[in-house]
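The exercises below are meant to be worked through with the sequence and the coordinates side by side. Each one sets a task and then solves it step by step.

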Amino acid sequence: MPAHASWLYQAEILHHAFGLRYLKRGSWTSREEYISHVAASWPEYNRLYAHPIEWTWSNQKMRRWFEEYTL
């Protein structure tokens, strides 16, 4: 992630990716049950899905694209 990127943005990306696999359509009867589910699920998520993000767009590439496709 670029050095200037918001930690909150990073957290939102993680929550979305985790939620699609482990929280969607879930139903918990208590806060404690939900917390237990998340605590049991995150090691599997990290093992199977978590990986470093390879950023392929530099600032220069973005500026070139912007100049080409905007008026």
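**Exercise 1. Classify leucine 48 by its accessibility, and then place it in the fold.**

Solution. Leucine 48 has a relative accessible area of 46%, and because partly exposed covers the range between under 20% (buried) and over 50% (exposed), leucine 48 is partly exposed. The model is a predicted one, and in it leucine 48 belongs to helix 2. As a last step, compare sequence with space: lysine 61 is 13 residues away from leucine 48 along the sequence, while their C-alpha atoms are 31 Å apart.

**Exercise 2. Check the lengths of helix 1 and helix 2 against the expected rise, and find the kink in helix 2.**

Solution. Begin with helix 2, residues 31-48: its 18 residues, at 1.5 Å a residue, should span 26 Å, and the distance of 26 Å between its end C-alpha atoms agrees with this. For helix 1, the same rise of 1.5 Å a residue applied to 16 residues leads one to expect 22 Å, which agrees with the 22 Å between its end C-alpha atoms. Helix 2 nevertheless has a kink of about 30 degrees at serine 41, shortly before proline 43.

**Exercise 3. Work out which residues make up the largest nonpolar core, and how helix 1 takes part in the packing.**

Solution. The largest nonpolar core has five residues, namely Ala17, Phe18, Tyr22, Leu23 and Tyr45. Helix 1, residues 7-22, is the element that gives the most to this core, with three residues. Next, list the buried residues of helix 1, which are Ala17, Phe18, Gly19 and Tyr22, and note that the buried residues of this helix pack against helix 2. Glycine 19, at a relative accessible area of 12%, falls under the 20% limit and is therefore buried; its C-alpha atom lies 9.7 Å from that of valine 38, a residue 19 places away along the chain. In general, nonpolar side chains in soluble globular proteins tend to be buried together.

**Exercise 4. Describe the surroundings of tyrosine 45, and compare its ring pair with the pair of tryptophan 28 and tyrosine 34.**

Solution. With a relative accessible area of 7%, tyrosine 45 is buried. Apart from neighbours within four places in sequence, tyrosine 45 is in contact with Leu14, Ala17, Phe18, Arg21, Tyr22 and Ala50. Turning to the rings, the structure holds six aromatic pairs. In one of them, tryptophan 28 and tyrosine 34, the ring centres are 5.1 Å apart and the planes stand at 80 degrees; an angle over 60 degrees counts as edge-to-face, so that is the class of this pair. Tyrosine 45 and tyrosine 49, in turn, form a tilted pair, with 5.8 Å from centre to centre and 40 degrees between the planes. Both of these tyrosines also belong to one aromatic cluster, together with Phe18 and Tyr22. Tyrosine 49 is partly exposed at 33% relative accessibility, and arginine 21 lies over the face of its ring, at 4.0 Å from the ring centre.

**Exercise 5. Explain what is notable about the backbone of arginine 25.**

Solution. Start from the general expectation that most residues other than glycine have a negative phi. Arginine 25 is not a glycine, and yet its phi is positive, at about 60 degrees. Arginine 25 is found in the loop between helix 1 and helix 2, and with 75% relative accessibility it counts as exposed.

How values were computed:
Residues are numbered from 1 along each chain as its sequence is written. This is a predicted model: local features need pLDDT of at least 70, side-chain atom pairs count only at pLDDT 80 or more; totals for chains, interfaces and linings use all residues. Side-chain values use heavy atoms; hydrogens and water are left out. Helices (H or I, at least four residues) and strands (E, at least two) are DSSP runs, numbered from the N terminus. The expected span of a helix is 1.5 Å times one less than its number of residues. The bend at a residue is the angle between axes fitted to the seven residues ending there and the seven starting there. A nonpolar core is a set of buried Ala, Val, Leu, Ile, Met, Phe, Trp, Tyr and Cys residues joined through side-chain atoms within 4.5 Å. Buried means under 20% relative accessible area, exposed over 50%, partly exposed in between (1.4 Å probe, protein chains only). Contact means heavy atoms within 4.5 Å. Rings of Phe, Tyr and Trp (its six-membered ring) pair if their centres lie within 6.5 Å; planes under 30 degrees apart count as stacked, over 60 as edge-to-face and the rest as tilted. A charge sits over a ring if NZ of Lys or CZ of Arg is within 6 Å of the ring centre and within 35 degrees of the ring normal.
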